[in-house]
Amino acid sequence: AVPRHTFMLSGCRLLLTTRMSAFTVAASAASVAARVGYAAAPVARAKPAGRFDAHSRHIAVTPVCMGRKAAKVAAKKQKGEAIRTKLYGKYGKLIVTAVKEGGGADPVANTQLARVLADASRLSVPRDLIERNIKRATDTSQADYMELTYEAYGAGGVGIVIEVLSDNVNRAAADTKAAINKAGGKVAEPGSVLFNFERKGFISLNCSSEKEDEVFECAADNGGGDIAPRG
């Protein structure tokens, strides 16, 4: 049998169990009291975050950190959405302009509209956006879009020609000047920069890199300035 001894100290019950053996364990009342007092003393413990503390009546919430990968994915998604928004707005204006200047909403009879629609389809512009802008272009209350040209000087005095398509001349001028000033540029007088430029066109071809020399010779023989791989 295992004898048990119970001591009542400071309102706490300490149950000591000892086994009878060749050795006798002697515990004085003073040492037992010291042990009980140490066990009953409040011990400062780190409270885990996110759990309710009854003493402080405060709920600590651990912030959710998704990590750098999630932040990069979100930033990439926002950047892609911004690019698509600008692209859709640009082709919306081009469609309206093509319908008004090309002579109708039928791409068979309107070659200008057919080219714009082909480019929009290649860039995955939504079909409903195309149809909405064609319908808007046929509305008599829709203002005509105008092609506007602005000139500016950039960093180091580099000449810049800016082409704008807008249905509001005053708003386009104000927005363009604000963008130039924000970027640290300077608005130039009409004609002070444009005379240094010459309008060029470009032709896009789908071919392998092995035919680069052949394409260059063909371009040079027909007045082409240079060729570059499409990246």
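Two strands count as paired if DSSP finds at least two bridges between them. Keep that in your pocket for the exercises below, and remember that you're working with a predicted model.

**Exercise 1. Get an overview of the chain.**
How many helices and strands does the protein chain have, and in what pattern do they follow one another?

*Solution.*
Step 1: Count the elements. The protein chain has six helices and seven strands.
Step 2: Walk along the sequence. The pattern reads β-β-α-β-β-α-α-α-β-β-α-β-α.
Step 3: Check how much is hidden. Of the 231 residues in the protein chain, 16% are buried.
Step 4: Look at the outside. The protein chain exposes about 18700 Å², and carbon and sulfur atoms supply 56% of that.

**Exercise 2. Work out the three-stranded sheet.**
In what order do the three strands of the open sheet lie, and which strands stand at its edges?

*Solution.*
Step 1: Start with a bit of background. Strands of a sheet pair through backbone hydrogen bonds, either parallel or antiparallel.
Step 2: Put the strands in order. The open sheet runs β6-β5-β7, with antiparallel pairing.
Step 3: Find the edges. β6 (159-166) and β7 (186-187) each have a single partner strand, so one side of each has no neighbour in the sheet.
Step 4: Zoom in on one pair. Strand β5 (residues 146-153) is joined to β6 by eight bridges. With the definition at the top asking for at least two, β5 and β6 pass the test on their eight bridges.
Step 5: Pick out a facing residue. Glu147 sits opposite Leu165 in β6.
Step 6: Add the helix. Helix α5 (residues 169-182) packs on the sheet and touches β5, β6 and β7. The direction of α5 makes about 25° with that of β5.

**Exercise 3. Follow one residue of β5.**
What is Tyr153 in contact with, leaving aside its neighbours within four places in sequence?

*Solution.*
Step 1: Place the residue. Tyr153 is found in strand β5.
Step 2: Ask how covered it is. Its relative accessible area is 29%, so Tyr153 is partly exposed.
Step 3: List the contacts. With those sequence neighbours left out, Tyr153 touches Val158, Gly159, Gly185, Lys186, Ala188, Ser192 and Val193.
Step 4: Compare sequence with space. Tyr153 and Ala188 are 35 residues apart in sequence, and their C-alpha atoms are 6.3 Å apart.

**Exercise 4. Find the nonpolar cores.**
Which helix gives the most to the largest nonpolar core?

*Solution.*
Step 1: Identify the core. The largest nonpolar core has 16 residues, and those with the most contacts inside it are Ile95, Leu113, Val125 and Ile130.
Step 2: See who contributes. α2 (68-102), α3 (111-122) and α4 (127-137) each supply at least two residues of this core.
Step 3: Name the top giver. That's α2, with five residues.
Step 4: Try one member. Leaving aside neighbours within four places in sequence, the contacts of Leu113 include Ile95, Ala98 and Val99, as well as Pro107.
Step 5: Don't miss the other one. A second, separate core has five residues, among them Leu148, Tyr150, Val164 and Ala173.

**Exercise 5. Sort out the salt bridges.**
Where in the chain do Glu163 and Arg199 lie, and are they buried or exposed?

*Solution.*
Step 1: Recall the idea. Side chains of opposite charge can pair when their charged atoms come close.
Step 2: Get the total. The whole structure has five salt bridges.
Step 3: Look at the pair in question. The side chains of Glu163 and Arg199 meet in a salt bridge at 2.5 Å, N to O.
Step 4: Locate both ends. Glu163 is in strand β6 and Arg199 is in the loop between β7 and α6 (212-221), so the pair links parts of the chain 36 residues apart.
Step 5: Check exposure. Glu163 and Arg199 are both exposed.
Step 6: Try another pair. Asp167 and Arg171 form a salt bridge at 3.0 Å, N to O. Asp167 is partly exposed at 27%, and Arg171 is partly exposed at 45%.

**Exercise 6. Spot an unusual phi.**
What is the phi of Ser124, and where is this residue found?

*Solution.*
Step 1: Know the usual case. Most residues other than glycine have a negative phi.
Step 2: Read the angle. Phi of Ser124 is near 60°, a positive value.
Step 3: Place the residue. Ser124 is found in the loop between α3 and α4.
Step 4: Judge its cover. Exposed means over 50%, and Ser124 has 55% relative accessibility, so it counts as exposed.

Notes
Residues numbered from 1 in each chain as written. Predicted model: local features only at pLDDT ≥ 70, side-chain atom pairs only at ≥ 80, totals over all residues. Heavy atoms only, no water. Core = buried A, V, L, I, M, F, W, Y, C linked by side-chain atoms within 4.5 Å. Buried < 20%, exposed > 50% of the residue type's maximum accessible area, 1.4 Å probe, protein only. Helix = DSSP H or I, 4+ residues; strand = E, 2+ residues; numbered from the N terminus. Contact = heavy atoms within 4.5 Å. Areas by Shrake-Rupley, 256 points an atom, 1.4 Å probe, with all protein chains shown as cover. Axes fitted to C-alpha atoms, helices over the stretch in contact; angles between N-to-C directions. Salt bridge = Lys/Arg side-chain N within 4 Å of Asp/Glu carboxyl O.
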